[in-house]
Amino acid sequence: MSDDETLDENPTTFADLGLSGSVLRALSAVGYERPSAIQEATIPTLLGGRDVVGLAQTGTGKTAAFALPILERLDKGQKSPQALVLAPTRELALQVCEAFEQYAGHSKAVHILPVYGGQGYGVQLSALRRGVHVVVGTPGRIMDHLDRGTLDLSELKYLVLDEADEMLKMGFAEDVETILAATPEDKQVAMFSATMPAQIRRLSAKYLRDPQEIAVRKTTTTASNVAQRYLIASYPQKVDALTRILEVENFDAMIVFTRTKNETETLAERLRARGYAAAAINGDVQQAQRERTVKQLKDGKLDILVATDVAARGLDVERITHVVNYDLPIDTESYVHRIGRTGRAGRSGDAISFVTPRERRTLSSIERATKQSLTQMHLPSVDEVNATRLSRFDDAITAALGQTSRIDRFRDIIDHYVTHHDVPEADVAAALAVVAQGETPLLLDPADEPVREEFRGPKGQSRDRDSRDRRGSSGPMRTYRIAVGKRHKVEPRQIVGAIANEGGLSRGDFGQIKILPGFSLVDLPAEIPADALKRLERTRISGVLIELRPDEGRAPRSGGPRSSGPRYGGGRDGGRSDRGSRDRDGGASYDRGPRKPRKPRTPRD
Ligand code: AMP
């Protein structure tokens with residue numbers, strides 16, 4: 001193997017960055033092979049004690065970039081919180097907690113507490129009393145705890161602002177500033193943001209001390225002979241999506257990239273179980289074994305290689321017609337390197353990237369950096385899969401007919417059967433097909449069609465906003481009324497911030513917001529749990545009780561005049577009736593997968 005492109009022969013390791021002991025052990029268990037670009041730049045700086053402003057978005061590995069240095073320096077003996085992570089939404093707060101747990105090796109000795117609106121105070125209070133090392137929360141609820149005196153931040157050492165621009169957009173600017181000002185002077189601050197608006201710069205200048213600004217470098221090399229497509233698939237849908245792609249794509253050999261070493265093994269095993277000639281290579285596989293595997297791929301004894309970035313460095317196999325990014329890479333350099341594994345020796349190639357709904361932005365940044373746009377593809381339908389199966393079935397008959405001497409031997413036997421049993425020849429052929437096929441059905445059942453998720457395109461925020469107006473992310477919507485309006489100088493972001501935080505909702509749960517003189521109308525999920533509704537009735541924006549309640553189209557008790565607002569019907573179905581995904585084990589009704597390179601097929605009806 002020769003290394004010909006963007007990745008170094010000796011990539012930086014997590015140990016090189018200054019991490020040690022249990023943190024390294026946990027990372028090895030998670031299966032990360034090397035630090036991502038943002039991690040490489042941020043971890044040593046944070047370990048060195050300096051503040052950081054990181055320009056990074058989801059998908060770059062920024063969570064580990066701040067979590068690992070905190071865990072490395074954690075004082076398990078300190079009972080009061082030593083690290084606080086502020087995140088804009090409950091979802092993100094929970095994700096960050098999960099990441100911390102993972103990087104702490106799920107150790108019972110490390111206490112991580114999520115604190116967000118929508119969860120009862122009781123759990124949070126008792127955990128805080130017992131002692132917590134890291135608190136991850138939304139600004140509003142953290143403020144509540146500070147106001148009540150239930151969160152002691154006097155010994156805080158590390159403060160992280162995650163997705164700072166989102167927090168400001170959601171109206172948390174004041175809360176964030178109050179928290180920053182209320183924590184010890186000598187704490188270390190790390191702020192991460194996907195964008196750097198003036199407000200973020202101001203915040204950084206005011207509250208961070210000589211921060212190191214870190215932005216991940218982008219490359220622009222790209223291969224024009226590789227057709228690049230993407231498929232939106234949530235994590236549980238990926239195996240099924242891959243299986244269908246394997247059925248309908250006309251590939252010779254394929255390399256499938258996953259993010260972790262563990263996943264290469266699991267996926268290769270699942271593909272083998274479905275009858276594919278697949279093997280895994282990753283950084284843990286001995287060099288000699290890796291070379292043997294690559295040779296098997298070259299010789300056509302293997303068709304699918306499931307690999308990590310490190311293991312596939314410099315891989316040069318002409319047979320590879322397809323690259324599948326089962327997981328998107330953590331940086332653009334890796335993307336460029338991965339798709340460079342196909343389209344070798346002047347041939348054309350295909351690259352298909354699986355993008356989870358959360359990763360749409362990552363996809364846009366790959367498109368920007370490579371100056372190429374990816375074409376969206378859809379999950380191959382049951383009809384498409386069945387068309388390829390039927391034509392493969394035809395091909396098998398044609399191939400068998402070519403084996404004349406064997407055919408001749410069987411012809412007499414069949415003739416004998418037809419004459420003695422008086423059965424049409426087509427029936428006998430069909431009966432033999434049943435024998436050959438065994439118990440597995442030849443065709444997929446149309447009932448196996450998963451409900452297709454109507455995902456939004458990857459192209460940025462304007463579309464995001466459109467769809468936010470039309471649909472919620474968690475079900476049917478209805479219109480609610482709150483008792484604050486123009487008269488109270490309320491802004492949409494304050495409404496979103498307050499309701500999201502106290503109602504335990506996410507941004508995707510919000511539809512249209514209409515601010516009228518004396519009150520406002522907000523589209524939210526039709527089903528909000530009773531306790532959340534109670535809290536929302538009592539929530540205040542700029543000191544005014546919002547008294548959230550379903551809108552009945554009548555004049556509000558304490559709002560503006562009836563004529564000031566249009567009658568607003570509740571209960572629009574902007575919800576997920578068209579969404580949903582069945583986490584199906586794609587193997588259940590599949591017949592044998594192909595093991596051999598295939599010829600192009602013509603779908604038939
Ligand atoms: P984040 O940007 O923190 O949301 O991380 C995006 C994804 O990348 C998560 O699924 C992480 O588990 C994964 N990840 C983070 N760091 C690495 C790494 N060094 N190698 C492989 N995967 C990583």
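**Bridges in a predicted model**

Guide: Hello! The bridge partner of Arg481 is Arg549, in E20. The model is predicted, with local features needing pLDDT of at least 70 and side-chain atom pairs pLDDT 80 or more, while totals for chains, interfaces and linings use all residues. Residues are numbered from 1 along each chain as its sequence is written, and side-chain values use heavy atoms, leaving out hydrogens and water.

Visitor: How do you know that strand E15 and E20 pair?

Guide: Two strands (DSSP runs of E, at least two residues; helices are H or I runs of at least four, all numbered from the N terminus) count as paired if DSSP finds at least two bridges between them. E15 (residues 477-482) and E20 share two bridges, in the antiparallel sense, so the definition is met.

Visitor: What makes Lys206 and Glu177 a salt bridge?

Guide: The term asks for a side-chain nitrogen of Lys or Arg within 4 Å of a carboxyl oxygen of Asp or Glu. Here the N to O distance is 3.3 Å, so the pair qualifies. Lys206 is in helix H9 and Glu177 in helix H8, so the contact ties together parts 29 residues apart in sequence.

Visitor: Why is Lys206 called exposed?

Guide: Buried means under 20% relative accessible area, exposed over 50%, and partly exposed in between (1.4 Å probe, protein chains only). Lys206 has 58%, so it is exposed; Glu177, at 27%, is partly exposed.

Visitor: Why are Asp309 and Arg338 called buried?

Guide: Their values are 10% for Asp309 and 0% for Arg338, so both fit the buried class. They also form a salt bridge, with their closest N and O atoms 2.7 Å apart.
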